[in-house]
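User: Please take a close look at the surroundings of the ligand in this model. I should like a connected account of what lies around the ligand and of the parts of the chain that supply it.

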Amino acid sequence: MLTLGIESSCDETAAAVVRDGREVLSSIVASQAKLHAPFRGVVPEIASRGHLVMILPVIQSALEKANVTLNDIELIAVTREPGLIGALLVGVTAAKSLAWYLNIPIVGVEHLAAHLYAAAMENGEIPSPSVALVASGGHTALYQFQSMSNFEILGSTCDDAAGEAFDKVAAMLGLAYPGGPSIENAAKGFDIKDINRRGANFNKPRVSSGEFDFSFSGLKTAVRYRIHPPAGTKRELSNADVAEIATAFQCAAVDHLVETAMKAARACGAKALIAGGGVACNQLLRSKLRESCAAIGVELFIPRTELCADNAAMIAGMGWKLYMDGRRDGLDMAARSTGAVL
Ligand code: KG4
Ligand code: ZN
């Protein structure tokens, strides 16, 4: 069955054609990063307008790259929640129009569940029980995972999402948006052991709410105070200062994600750990998760980086899975800014 997936929840306009929920025939992602870069973060109104311009060309490219026509498509899957409402509406309206015109079924997909499906898409069946970590620009949470249709939240961020913290710290350091890749680049080649020896590291976040919750705002404030001490004047940062702060921040943020995820994996007796979301592109996070999982005999399911960041292949895959499980949505389907499922 050929599914056309459509994603427009934040600042990527994406479309993909996927066969039987797994075989990615095409996956086109048009990033709006350049439009939002001057503001060092996503501006919702600009995002909606950007999607309107790009949605049809991106769908057209996905069909061409997959070497199929609209008439070959048998199912439309679209991100319906959570996300920026104006942005979501562009994708949902395009999806509904196509489903109506082609007279084929449409399925609305939960964006965060799709980030988890991306791991299953590449690696096959995920053993249960498992623990899943989603770390993106808008969300950071841990789930106890039994199957794609049965998972429960264990903990989430009390303040900023992990990706949001990367973006905000990058902005403070004068690095480009999106901040995750900029911080990772700035930190390349820097030795955290040397930073620790000099006491220039940041303390790992401490969370007083749930055992499996996250917090990034204290770490963000620590970076701010390192740049501009409360009782002092703002420092002019050299390239070496920027690299040192980026390295120390990245290390503290990654350790917080890995330690909390591993704590949950041990507590749940997890056979596997699933990771997804844009922050899972981070190479330090990937290697620390690999090491920590290997150390306690937990299998790690983490998609290749193109499937970690926002894309429509995961939406098509997840939509197909829901459809095969009997889900049907009507043309009255609403978009929602907050997720109902997770
Ligand atoms: O999942 P995603 O593409 O979009 C949302 O659903 O939010 O995640 C985007 C977030 C951004 O905050 C971006 O800075 C972060 O993922 N990100 C990274 C890396 N690549 C993207 N964070 C850390 N390291 C990276 N290499
Ligand atoms: Zn996402």
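Analyst: A polar contact is here a pair of N or O atoms within 3.5 Å. The model is predicted, and the distances that follow are computed from it. By that criterion, Gly-163 takes part through its backbone, where an N or O atom lies 3.1 Å from an oxygen atom of ligand 1. Gly-278 also contributes a polar backbone atom, at 2.9 Å from an oxygen atom of the ligand. With Asp-310 the contact comes from the side chain, a polar atom of which is 2.9 Å from an oxygen atom of ligand 1. Ligand 1 has 560 Å² of accessible area on its own, and the protein covers 89% of this.

The site as a whole can be described next. Ligand 1 occupies the space of the largest pocket. Around the ligand there are 21 residues, and those that come nearest are Gly-137, Asp-167, Glu-184, Gly-278 and Asp-310. By character, the shell consists of eleven polar, six nonpolar and four charged residues.

The origin of these residues along the chain is also of interest. Domain 1 (2–115 + 307–324) and domain 2 (126–306) each give at least three residues to the shell. Among the helices, helix 4 (111–123), helix 5 (162–172) and helix 6 (179–186) each provide at least two shell residues.

Two of the loops that adjoin these helices hold cis peptide bonds. In the loop between helix 5 and helix 6 lies Pro-178, and the bond that joins Tyr-177 to Pro-178 is cis, with omega about -5 degrees. Pro-129 is placed in the loop between helix 4 and strand 6 (130–135); the peptide bond from Ser-128 to Pro-129 is likewise cis, its omega being near 0 degrees.

One further backbone feature may be noted. Asp-20, in the loop between strand 2 (12–19) and strand 3 (23–31), has a positive phi near 50 degrees although the residue is not glycine.

Technical notes
Residues numbered from 1 in each chain as written. Chains lettered and ligands numbered in written order. Predicted model: local features only at pLDDT ≥ 70, side-chain atom pairs only at ≥ 80, totals over all residues. Heavy atoms only, no water. Near = heavy atom within 4 Å. Polar contact = N/O pair within 3.5 Å; in protein donor to acceptor, adjacent residues only side chain to side chain. Areas by Shrake-Rupley, 256 points an atom, 1.4 Å probe, with all protein chains shown as cover. 1 Å grid on protein atoms, 1.4 Å probe; cavity = no way out; pocket = protein on both sides within 12 Å on 5 of 7 lines; lining within 4 Å. Sits in = over half its atoms within 2 Å of the grid points. Helix = DSSP H or I, 4+ residues; strand = E, 2+ residues; numbered from the N terminus. Nonpolar A, V, L, I, M, F, W, Y, C, P; charged D, E, K, R; others polar. Domains from an automatic or database assignment.
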